Amino acid sequence: MENKNYLKMILGGMLAVMITYNVYHASDKKSLPDLLLANIDALANSGENDDKTWTAPRTIPCDYQHGPWHTASIERICEFCVTPNSCTPRACGE
């Protein structure tokens with residue numbers, strides 16, 4: 001019976017050490033290396049995408065009314081995107 005108590009104490013101690021180790025290392029704040037930050041800055045300021053913007057088109061179906069006539073049309077909205085695209089917004093019916 002005493003062996004089981006020792007085993008429980010050893011396992012409890014190991015668990016406490018593991019929790020303490022994880023809490024200690026989780027509090028370490030890591031920052032991006034200077035080279036990576038410089039690369040991000042260079043990509044953000046590069047002039048190779050001058051003809052494109054960081055927007056992507058999204059089309060919305062709409063009902064275009066011209067006089068007494070109704071017709072189905074689309075409206076194009078430019079939304080932010082993570083890749084450079086060319087987008088020209090268009091109103092319904094154009």
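Read from the N terminus onwards, this protein runs α-α-β-β, a pattern built from 2 helices and 2 strands. Please keep in mind as you look around that the model is predicted. Its mean pLDDT is 77, with 82% of the residues at 70 or more. Confidence also varies from element to element: helix 1 has the highest mean pLDDT, 85, while helix 2, which spans residues 34–44, has the lowest, 75. As a general caution, predicted coordinates should not be read in detail where pLDDT is low.

Let us take the whole chain next. Of its 94 residues, 6% count as buried. The surface that the protein exposes comes to about 8500 Å², and 62% of that is supplied by carbon and sulfur atoms. As for how the chain meets itself, take the contacts with a separation of 6 or more: 37% of them are between residues 24 or more positions apart.

Now turn to helix 1, which covers residues 2–26 and includes Ile10. What kind of surface patch does Ile10 help to make with Leu7, Leu11 and Met14? Together these four residues make a nonpolar patch of about 410 Å².

From there, move on to the strands and their cysteines. The protein has 1 disulfide, formed by Cys62 and Cys92, whose sulfur atoms are 1.9 Å apart. Cys62 sits in strand 1 (residues 53–66) and Cys92 in the segment after strand 2, so the bond ties together parts of the chain that are 30 residues apart in sequence. In general, a disulfide is a covalent bond between the sulfur atoms of two cysteines. Here the torsion about the S-S bond of Cys62 and Cys92 is about 100°, and the disulfide is therefore right-handed.

How accessible is Cys92? Its relative accessible area is 22%, so Cys92 counts as partly exposed, given that buried means under 20%.

A good last stop is Ser73, which you will find in strand 2, residues 69–85. Is Ser73 buried or exposed? With a relative accessible area of 18%, Ser73 is buried, because the value is under the 20% cut-off. Leaving aside neighbours within four places in sequence, Ser73 is in contact with Ile60, Pro61, Cys62, Tyr64, Cys92 and Gly93. Both cysteines of the disulfide are thus among the contacts of Ser73, which brings the strand 2 residue and the disulfide into one picture.

How values were computed:
Residues numbered from 1 in each chain as written. Predicted model: local features only at pLDDT ≥ 70, side-chain atom pairs only at ≥ 80, totals over all residues. Heavy atoms only, no water. Patch = residues over 30% accessible without salt bridge, like charges linked within 9 Å, V, L, I, M, F, W, Y side chains within 5 Å. Areas by Shrake-Rupley, 256 points an atom, 1.4 Å probe, with all protein chains shown as cover. Salt bridge = Lys/Arg side-chain N within 4 Å of Asp/Glu carboxyl O. Helix = DSSP H or I, 4+ residues; strand = E, 2+ residues; numbered from the N terminus. Buried < 20%, exposed > 50% of the residue type's maximum accessible area, 1.4 Å probe, protein only. Contact = heavy atoms within 4.5 Å. pLDDT = per-residue confidence, 0-100. Disulfide = S-S within 2.5 Å.
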